[in-house]
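This briefing sets out the architecture of one protein chain for use in computational work. Please consult the sequence and coordinates alongside the points that follow.

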Amino acid sequence: DDSIKVMNTIYPQPKLSVSAPVEKCFGDSVRVAIKINTPAGLKITDYTCNWSNDAPTTGTMAAGADSIIVFHVFSNAGNQSVTVFVRSGTPGTCFSDTVTVPVYINRLPLPNYTIAPVSCAGEVVSFTDLSSSADGAINKWKWIFGNTLVSSLQNPSTTYASPGTYTSSLQVESNKGCISTVLSKPVVVNYLPQPNFGTPEVCLT
């Protein structure tokens, strides 16, 4: 028999599952859980996570570990994703299939407001909310007026007992749980006008 027999060793391919939250707020850390469903005795040496347009994350698996948690903060809002694959160690050094999980990053709401013209101390000052949200609807307001008073109304009002310049601020939250930055604006309260008059001297003739 002149036939040539070639013996090939077929090594098992790692299998994995990946889970991540469906959506998060911009700036929040996204938790990605990687579970390795490896055949018996197969050792995983390292993993790679590709984050849409962000730089990838690579790491080494601890000896005997079959799962790992990876955190990432996306640099952009909107539709994002994480694509994961792992590599087994020798013998074989096989790569797993890639697993991609979508993650939507909600934009933060943008605070904005106007202040009614202020005349004098003791008068009512009205605040009008002009905030907007590209993802979700705004449903919470946190006002600080600078006079020790606060409000959670959308369009509140307050009074300032003394003249001066006060710092008001607004922070809003969407129904996605995303919290805006704090926007501050000055409130200038004028002195009450003080009546002052005199009577002319009159000579009787």
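Which residues does Leu42 touch, not counting residues up to four places away in sequence? In this predicted model, the contacts of Leu42 are Pro12, Gln13, Pro14 and Ser88. The chain around that residue has 205 residues, and its secondary structure amounts to 15 strands and 0 helices. One disulfide is present in the structure.

**Chain as a whole**

- Buried residues account for 33% of the 205 residues in the protein chain.
- Among contacts with a separation of 6 or more, 59% join residues that are 24 or more positions apart.
- The exposed surface of the protein chain comes to about 12700 Å², and 55% of that area is supplied by carbon and sulfur atoms.

**Surroundings of Leu42**

- Leu42 is located in the loop between E3 and E4.
- Its relative accessible area is 15%, so Leu42 counts as buried, the cut-off being under 20%.
- Thr93 lies 51 residues away from Leu42 along the chain, and the C-alpha atoms of the two are separated by 9.9 Å.

**Nonpolar cores**

- The largest nonpolar core comprises 19 residues, and Ile34 and Cys49 have the most contacts inside it.
- Two or more residues of this core come from each of strand E1 (16-19), strand E3 (30-36), strand E4 (44-51), strand E7 (78-88) and strand E8 (99-106).
- A second, separate core holds 15 residues, including Phe127, Trp141, Val172 and Val189.
- Cys49 touches Ile34, Pro56, Thr57, Val70, Val82, Thr83 and Val84, with residues up to four places away in sequence left out of the count.
- Cys49 has a relative accessibility of 0% and therefore counts as buried.

**Disulfide and cysteines**

- The disulfide is formed by Cys25 and Cys178, whose sulfur atoms are 2.0 Å apart.
- The link of Cys25 and Cys178 is left-handed, with -95° about the S-S bond.
- Cys25 belongs to strand E2 (residues 23-25), whereas Cys178 sits in the loop between strand E14 (164-174) and strand E15 (183-189); the pair therefore ties together parts that are 153 residues apart in sequence.
- Both partners are buried: Cys25 has a relative accessibility of 8%, and Cys178 has a relative accessible area of 0%.
- Cys120 is also buried, at 14% relative accessibility.

**Five-stranded sheet**

- An open sheet of 5 strands follows the order E2-E8-E7-E4-E5, and its pairing is mixed.
- E2 and strand E5 (54-60) are the edges; each has a single partner strand, so one side of each is left without a neighbour in the sheet.
- On average, neighbouring strands of this sheet are turned by 25° against each other, direction ignored.
- The pairing of E2 with E8 is parallel and runs over 3 bridges.
- Lys24 has Ile105 in E8 as its bridge partner.
- E2 thus links two topics of this briefing, because Cys25 of the disulfide lies in that strand.

**Three-stranded sheet**

- An open sheet of 3 strands has the order E9-E10-E13 and antiparallel pairing.
- Strand E9 (113-115) and strand E13 (157-159) are the edge strands, each pairing on one side only.
- The average turn between neighbouring strands of this sheet is 25°, direction ignored.
- E9 and strand E10 (residues 124-129) run antiparallel and are joined by 3 bridges.
- Ile115 has Phe127 in E10 as its bridge partner, and Phe127 is also one of the residues in the second core.

**Strands E1 and E3**

- E1 pairs with E3 in the antiparallel sense over 4 bridges.
- The bridge partner of Ser19 in E3 is Ala33.
- Side chains alternate along E1: Leu16 and Val18 point to one face and are buried, while Ser17 and Ser19 point to the other and are not buried.
- E1 and E3 are both among the elements that give two or more residues to the largest nonpolar core.

How values were computed. Residues numbered from 1 in each chain as written. Predicted model: local features only at pLDDT ≥ 70, side-chain atom pairs only at ≥ 80, totals over all residues. Heavy atoms only, no water. Core = buried A, V, L, I, M, F, W, Y, C linked by side-chain atoms within 4.5 Å. Buried < 20%, exposed > 50% of the residue type's maximum accessible area, 1.4 Å probe, protein only. Contact = heavy atoms within 4.5 Å. Disulfide = S-S within 2.5 Å. Areas by Shrake-Rupley, 256 points an atom, 1.4 Å probe, with all protein chains shown as cover. Pairing = 2+ DSSP bridges. Axes fitted to C-alpha atoms, helices over the stretch in contact; angles between N-to-C directions.
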